[in-house]
Amino acid sequence: MESGVVIEAGGRAAMAAAVASMGRLVDELAGVISPPVDPRGPGRLCDADPLQELSETCLDGLAVLARIEAMTAAAKVRLVRAYSDAATELAGPPSNAYESTAQEMSLVAEVACVLTIGECAASALLGEAHALTSSLPATLDALESGAVGWQHARIVVDETTGLNPAAVSALERHFFDPEAPARGAAPGDLVPARFRGKVRAWRERHHPESLELRRAKSTADRRMEYAPDRDGMAWLSLYLPGDTACAIWNRTTALARGVQGPGEPRNLAQLRADIAAGMLLGSASENPGDVPAPKADVLVTVPVFSLLGLTDEPAEIDGLGPVPPSVARRLIADGSSSFYRVLVDPRDGAPLEIGRTSYRLPEALKRWLRMRDGRCTFPGCSNQTPDNDADHLTAWQRGGTTGIGNLGQACPKHHRLKHRSTWTPTQATKNEPPGWISPTGRHYPAEHPDREPPLLPPECLPVPVSPLEQAILTRLAA
């Protein structure tokens, strides 16, 4: 009860003060953008150059708005921290490690759903809010006053991660104490990239642990990351020890320069990417820069007329998104050992339902489920289908059936969250994945698939469906 009183008194007072400060700045912004009035008479505009006045007004308004954004970020930080403390108090002490993990996952998921952000971003926000409100008071004060922006505050949180409290205080004092010697420009006067460079340089010089020890610890965090992008492209990143990454860069650069010549149309950047892709895919070609077709399981949805080359409608690769039809044709001819053509309803682009009565899902139904959901159905989760579980929304032992309307994809993390907390999926339908209901009773609807009817070639005219054909189609889809 005592900690709840502290949260109630301190948290609400700080948030009220932040809102009051924002209100004053909003009034200031309204005054800045108001049209100037000529003192010679009410309602008469000044004779100054209107374009010059507008230019000055916009710049002054942007400066005030930047301070409002900083204050808004500070208010969000305090709200997130206060909610975290309150939710922890309401949940009570966990009885075991599993319950502790479930409580933390539920907390992150609720913040992510309310703010409509991913869980990684919500988890990062919770961590940043905890750091700013507990160990970085000067940084939070600067953010609340508008002296620095949210990116500056995040940089301080990021660069102080792993430091002991004394080192954190020393770094913050160096950059935010006006009396600190040899500080140079104030943090708010530097763009975030320049500020990060200064903070990181100071951190490396004054870190209590040796660089050798820190590098050995960070090596355990090496990983590969993948992010689909627009126009049928994607990013692939490697987090490696610096010397290894530098060696890879130098080798690909050297090979790329060796391929360059009068008959080579690709530039250096394109050659680097092709050579790295060829090496990762195990290219057996003698020519560096030749990228072989991928040999991996892949689920590709492509309209039949596009596959035949009659239309240019994009295909869909599971885990990537839309790609040109030429890519799908190449995968069929040269690439995947497990290419699945997904036939869709030519009227609305939706796949046909496959009904089953057994508990275990056949491969055809699993592929259909992957096609319908596309990813984990939990709000904001982007975990792609190869890593997900096919989950019975109503448990089999409680009368649930193995039909597409009672199935949903869940990544391992959210599958555990469903069983360890009161997060509950709603019922799915033939064409729509399930939504979710949070422990607080909030309903987060499913992300509806954005399907369109396939394009027909110009020479193919739509014909009316006879009643008999309609009855047959209805019977098949039942």
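## Getting to know the chain

Reader: Which side chains meet in a salt bridge with an N to O distance of 3.7 Å?
Author: This is a predicted model, and in it a salt bridge with 3.7 Å from N to O ties together parts that are 294 residues apart in sequence. One partner lies in helix α15 (residues 412–420) and the other in helix α4. The two side chains are those of lysine 413 and glutamate 119.

Reader: Is glutamate 119 buried or partly exposed?
Author: The cut-off for buried is under 20% relative accessible area. Lysine 413 has 33%, so that residue counts as partly exposed. Glutamate 119 has 8% relative accessibility, so this one counts as buried.

Reader: How many salt bridges does the structure hold?
Author: The pair of lysine 413 and glutamate 119 is a salt bridge, and so is the pair of aspartate 85 and arginine 81. Counted over the structure, the total is 13.

Reader: What separates aspartate 85 and arginine 81 in helix α2?
Author: Their side chains meet in a salt bridge, at 3.2 Å from N to O. In an α-helix there are 3.6 residues a turn, so residues three or four places apart point the same way. Aspartate 85 and arginine 81 are four residues apart in α2, so what separates them is about one helical turn.

Reader: Which of those two counts as buried, aspartate 85 or arginine 81?
Author: Aspartate 85 has a relative accessible area of 25%, so this residue is partly exposed. At 19%, the one that counts as buried is arginine 81.

Reader: Which residues are linked with Asp158 in a network of salt bridges?
Author: Start with one pair: aspartate 158 and arginine 196 form a salt bridge, their closest N and O atoms being 2.9 Å apart. That pair links distant parts of the chain, with aspartate 158 in helix α6 and arginine 196 in helix α8, 38 residues apart. Aspartate 158 is partly exposed at 41%, and arginine 196 is partly exposed too, at 26%. The network links Asp158 with Glu159, Arg196 and Arg200.

Reader: What covers the buried residues of α6?
Author: Helix α6 covers residues 150–160, and its buried residues are His152, Ala153, Ile155, Val156, Val157, Glu159 and Thr160. After the helix comes glycine 162, with a positive phi near 90 degrees. The cover over the buried residues includes α4 (119–134), α5 (137–145), α7 (165–176) and α8 (192–206).

Reader: What is the distance between the C-alpha atoms of arginine 24 and isoleucine 68?
Author: Arginine 24 lies in helix α1 (residues 2–33) and is exposed, with a relative accessible area of 56%. Isoleucine 68 is 44 residues away along the chain. Their C-alpha atoms are separated by 9.6 Å.

Reader: Which residues form the negative surface patch?
Author: One member, glutamate 56, sits in helix α2 (residues 50–91). A patch residue needs over 30% relative accessible area, and glutamate 56 is partly exposed at 37%. The patch is formed by Asp49, Glu53, Glu56 and Asp60.

Reader: Which elements give two or more residues to the nonpolar patch?
Author: Met224, Tyr226, Leu236, Leu238, Ile248 and Leu280 form that patch on the surface, with about 600 Å² of accessible area together. Two or more of these residues come from each of β1 (223–228) and β2 (234–239).

Reader: How many of the residues in the chain, as a percentage, are buried?
Author: The chain has 16 helices and 11 strands. Its accessible surface comes to about 28600 Å², with 58% belonging to carbon and sulfur atoms. Of the 478 residues, the buried share is 34%.

Note on methods
Residues are numbered from 1 along each chain as its sequence is written. This is a predicted model: local features need pLDDT of at least 70, side-chain atom pairs count only at pLDDT 80 or more; totals for chains, interfaces and linings use all residues. Side-chain values use heavy atoms; hydrogens and water are left out. Patches are made of residues with over 30% relative accessible area and no salt bridge: like charges are joined within 9 Å, nonpolar side chains (Val, Leu, Ile, Met, Phe, Trp, Tyr) within 5 Å. Accessible areas come from the Shrake-Rupley method with a 1.4 Å probe; for residues, only the protein chains shown count as cover. A salt bridge is a side-chain nitrogen of Lys or Arg within 4 Å of a carboxyl oxygen of Asp or Glu. Buried means under 20% relative accessible area, exposed over 50%, partly exposed in between (1.4 Å probe, protein chains only). Contact means heavy atoms within 4.5 Å. Lys and Arg count as positive and Asp and Glu as negative; His and the chain ends are not counted. The place of a charge is taken as NZ of Lys, CZ of Arg, CG of Asp or CD of Glu.
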